[in-house]
Amino acid sequence: MRQLANAKVIICCGSGGVGKTSISAALGLMFANEGKQVLVLTIDPAKRLATTLGIVDNDIVEIPMAKNGRLFGAIIDSKKTFDLFIEKATRSSAAAAKILDNKLYQQLSTTLNGSQEFTALEKLYEAYVSQKFDMIILDTPPAKHAVDFLNSPQKISALFSDNVAKWFREPAKGGFWVSVVHQGTKRVFKVLETLTGSEFIGQLSDFFAHVESWQDKLQTRINEVHRLLVSPATQFVLVTGTDQAKLKEAEYLAREIRKGGYHFDHVIVNRAFPYGIDLQKVLSGLGGDPVVNYLERLRLHLLEKVNYLGKFVDKAKGNYHLVQIPEFDANISDLEGVRVLAEELKKHFA
Amino acid sequence: MQKIKFVTGKGGVGKSIVAASLALKEAKRGQRVLLIELGEHSFYADFFGMPEIQFKPQRLAQNLDVSIWDGGRCLREYAQHLVKIQSLTDMFFDNPVMRTFVNAAPALAELAIVGKATSGHRHVGPELPYDQIIIDTFATGHFLALLRAPLGMAEAVSFGPMGEQSMNIHRVLMNPELTSFTVVAIAEELVITETQELIDVLDHEFKIKPQVVVNKCVENQLTEQAVEHSAVSAEWKHYLSLKISGRNSAIRRWPKAQLLPLVMSTEPWQIVNQLVQTMEAP
C-alpha cells in the first residue's frame with residue numbers, strides 16, 4: 001500500500017452526495033497541518049463549502065486554517081478555464097475571438113460532455129507544473145455517474161481529433177457538397193442536416209474551422225494530463241456512503257479505476273455509523289415510551305446497514321486500505337466540520 | 001392530457017426512490033404511468049432486483065412501467081422518426097465521426113431526452129401511451145443543464161428544424177399545465193440551504209415553482225420535549241434532537257412541503273409502499 005502522504009496529486013472521486021467536497025477539504029487541512037503547502041480544487045455547484053472557506057471565483061486563495069503548513073483553495077469556473085485555455089492555445093487573439101464568438105461554442109463549452117472534467121484537469125495540471133504546492137487535491141466534478149470522470153478526457157480528445165475536425169471543416173471551405181466525394185459521407189451529412197438544419201451545420205463547420213489552430217495543443221494537454229494521472233505521483237481516493245446503491249456504485253468505480261491503470265489504494269466510507277453511539281447496546285425502557293421504541297427500531301436499522309457495509313469491508317480487505325468515518329453532528333458549522341473531519345482522518349492516515 | 005413530472009434534488013437524498021413512490025402512488029389510483037430513469041447505468045434494476053431495465057418500457061407493477069433513457073438512444077429514435085429510412089439512420093449512427101460527435105455534444109443528447117419527454121404534446125415521434133410520465137432526472141447541476149438545453153440551442157440555432165423543435169420543447173417544459181417539478185431534500189441544514197438555492201434558480205430563471213419533498217424525516221410525533229424526558233443515553237438524545245431540529249427547520253422553510261419518513265427497511269417494495277402510504281395520508 002502506498003502512503004497517501006507521498007502523493008503529489010490526490011483525486012477524490014465517488015458518487016454525488018457522499019461528502020466528497022468535505023473529505024477533500026479535510027484531507028487538505030490534515031496534510032497542511034503536517035507542514036505541507038496544499039491546494040484543494042473543487043467544482044462545487046452550490047459553492048456552499050467554498051464560500052464558507054472564503055474561496056471566491058477562479059482564483060487560488062489561502063484558507064487560514066492550517067497549523068503548520070498552508071492550505072489553499074479554488075473553485076474551478078469551467079467556462080472561464082476553457083476560454084482561457086483557448087486564448088492561450090490559439091496563435092492570435094483574433095482567432096481566439098472567432099471561436100469564443102461562435103454561438104455553438106458558447107453552447108457547447110459549458111455543456112460539452114467532459115468539458116467540466118477537462119477544465120478541472122487543466123486547472124490541476126496548471127497548478128502542478130507551477131510547482132508552488134507540495135500537494136494538490138482535486139474534488140472531482142459531480143457526474144451523472146461517478147465513472148464518467150475517468151472517461152471524459154477521451155471523449156473530448158476524440159471530438160477534437162483531426163479526423164472529426166477535418167470532416168466538419170471541409171464544408172466551410174468549399175461549399176457544402178463540393179469536397180464531400182464519398183456517397184456514404186454525403187448521405188450521413190444529409191441526415192445531420194435533416195435533424196439539425198443548415199444553420200446548425202454552418203455554425204458547426206465554422207467552429208471546426210477554427211478548432212484547427214488549437215486542437216494540437218488540446219491533444220497534447222490531454223496526453224500530458226493522462227500521464228500525470230497514471231504516474232505514481234498521483235493517487236486516487238474513493239469516497240462512498242453506506243446506502244446499498246452507493247456501495248454497489250463504489251465497487252464498480254473501484255474496479256474501473258484499477259482497470260484504468262491508476263494508483264489507487266484508499267477507500268473512505270463517509271458517515272459509516274453515528275458518532276459516539278454504541279449500536280450493539282439494546283435500548284429498553286419503561287414500555288410504551290415512543291422515543292425508546294423509535295430509537296430501538298432505528299438502532300436495528302442502522303445495525304443492519306453496518307452489517308451490510310461489513311460485507312463491502314470484507315471484500316476490500318487486502319485490496320484496499322479502507323477507512324470508516326462516523327457521521328458527525330450535521331449541524332456544526334462548515335469550518336468546524338472540516339476541522340473535526342481532518343482530526344478523524346488523521347487517526348487513519350498519520 | 002399527458003402530464004410530465006421531473007424529479008430532482010441533491011445527490012444522496014433518495015430522489016430515485018421518491019420518484020418511484022410518486023409513480024406508484026399515481027398508478028395505484030388508476031393512472032397509466034411510465035417511470036423513467038436517465039443515463040446508461042440503471043439504478044432501479046439494482047434497487048428492485050430486476051435483471052435489467054431497458055429503453056423499451058417494462059412492467060414494474062400494475063399500471064406502472066419503467067424504462068431507462070439515454071441521450072444517444074433518444075436521438076436515434078428521433079432521427080428515425082424524421083428520416084424514416086432505417087438503413088439511413090443506422091448508417092448515420094454507425095458512422096464513427098457522428099458517433100464521436102453525438103457522444104461528446106450532450107447538448108444534442110439532452111435535447112433529445114427532453115424532446116422525447118415532451119414528444120406527446122408536440123406530436124413528434126412514437127406514441128407514449130401513458131397518462132403520466134415521471135422522470136427521475138439528474139442531480140442539481142446536470143438537471144439545470146437539461147432544462148437549459150432547449151432554449152440554449154434555440155438561441156444558438158434559431159432557424160431550421162433544430163431551432164423550431166427546441167423552442168417547442170421549451171414551451172412544453174415551461175407550461176405548468178403540462179409539466180411539473182419535484183425537488184427532493186433531506187432535513188439537514190446544509191442540504192436545506194443547497195436545495196433552497198436550486199429552488200431560487202428555478203424561480204428566477206424559469207418561473208418554476210416546484211413541489212418540495214423532504215425525505216428521511218423522523219416521525220412527526222417525536223418532539224424535542226419527548227426526547228428530553230425519555231430514558232435514553234445522552235448520545236442518543238443528542239442524535240435524535242438534531243434530526244428533529246433539522247425536520248423543524250425544513251418545515252419552517254417550506255411549510256407546504258411533503259414530509260416523508262425514514263423507512264427502516266432495506267426491502268425495496270416495503271420502502272416504496274410505506275412512502276406511498278405517507279403520500280396518500282390526508
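In this predicted model, one face of helix H4(A) carries the exposed residues Ala94(A), Lys98(A) and Asp101(A), and this face is turned away from the buried side of the helix. Within H4, which spans residues 93-101 of chain A, the buried residues are Ala95(A), Ala96(A), Ile99(A) and Leu100(A). Viewed down the axis of H4(A), these buried residues fall within an arc of 135°, so they line one face of the helix. A general feature of helices helps in reading this pattern: an α-helix has 3.6 residues a turn, so residues three or four places apart point the same way.

Attention turns next to the sheet of chain B. Eight strands form an open sheet in the order S3-S4-S2-S5-S1-S6-S7-S8, and their pairing is mixed. Strands S3 (58-61) and S8 (258-261) of chain B stand at the edges; each has a single partner strand, so one side of each is left without a neighbour in the sheet. On average, and with direction ignored, neighbouring strands are turned by 25° against each other. Strands S1 (residues 3-9) and S6 (residues 179-186) of chain B run parallel and are joined by 6 bridges. Lys5(B), for instance, has Ser180(B) in S6(B) as its bridge partner. Helix H10 of chain B, residues 189-206, packs on the sheet and touches S1, S6 and strand S7 (211-217) of that chain. The direction of this helix makes about 160° with that of S6(B).

A pair of helices in chain B also deserves a look. Helices H8 (residues 140-156) and H9 (residues 160-173) of chain B pack at an angle of about 145°, and their axes lie 8 Å apart. The crossing of H8(B) and H9(B) is left-handed. From H8(B), the residues that meet H9(B) include Leu147(B), Leu151(B) and Met153(B); on the H9(B) side, Met162(B), Ile169(B) and Leu173(B) are among those taking part.

The nonpolar cores complete the picture. The largest comprises 78 residues, and Phe168(A), Phe208(A), Trp214(A), Phe6(B) and Trp69(B) have the most contacts inside it. Helix H10 of chain A (residues 198-230) gives the most to this core, with 9 residues. Another core, of 46 residues, lies apart from it and includes Ala19(B), Val33(B), Val184(B) and Val276(B). Beyond its neighbours within four places in sequence, Phe6(B) is in contact with residues including Val114(B), Ile135(B), Phe143(B), Leu146(B) and Leu173(B). Among its other contacts are Thr179(B), Ser180(B), Phe181(B) and Thr182(B).

Notes. Residues numbered from 1 in each chain as written. Chains lettered and ligands numbered in written order. Predicted model: local features only at pLDDT ≥ 70, side-chain atom pairs only at ≥ 80, totals over all residues. Heavy atoms only, no water. Core = buried A, V, L, I, M, F, W, Y, C linked by side-chain atoms within 4.5 Å. Buried < 20%, exposed > 50% of the residue type's maximum accessible area, 1.4 Å probe, protein only. Helix = DSSP H or I, 4+ residues; strand = E, 2+ residues; numbered from the N terminus. Contact = heavy atoms within 4.5 Å. Arc of directions from axis to C-beta. Pairing = 2+ DSSP bridges. Axes fitted to C-alpha atoms, helices over the stretch in contact; angles between N-to-C directions. Left-handed = near helix turned anticlockwise from the far one by under 90°.
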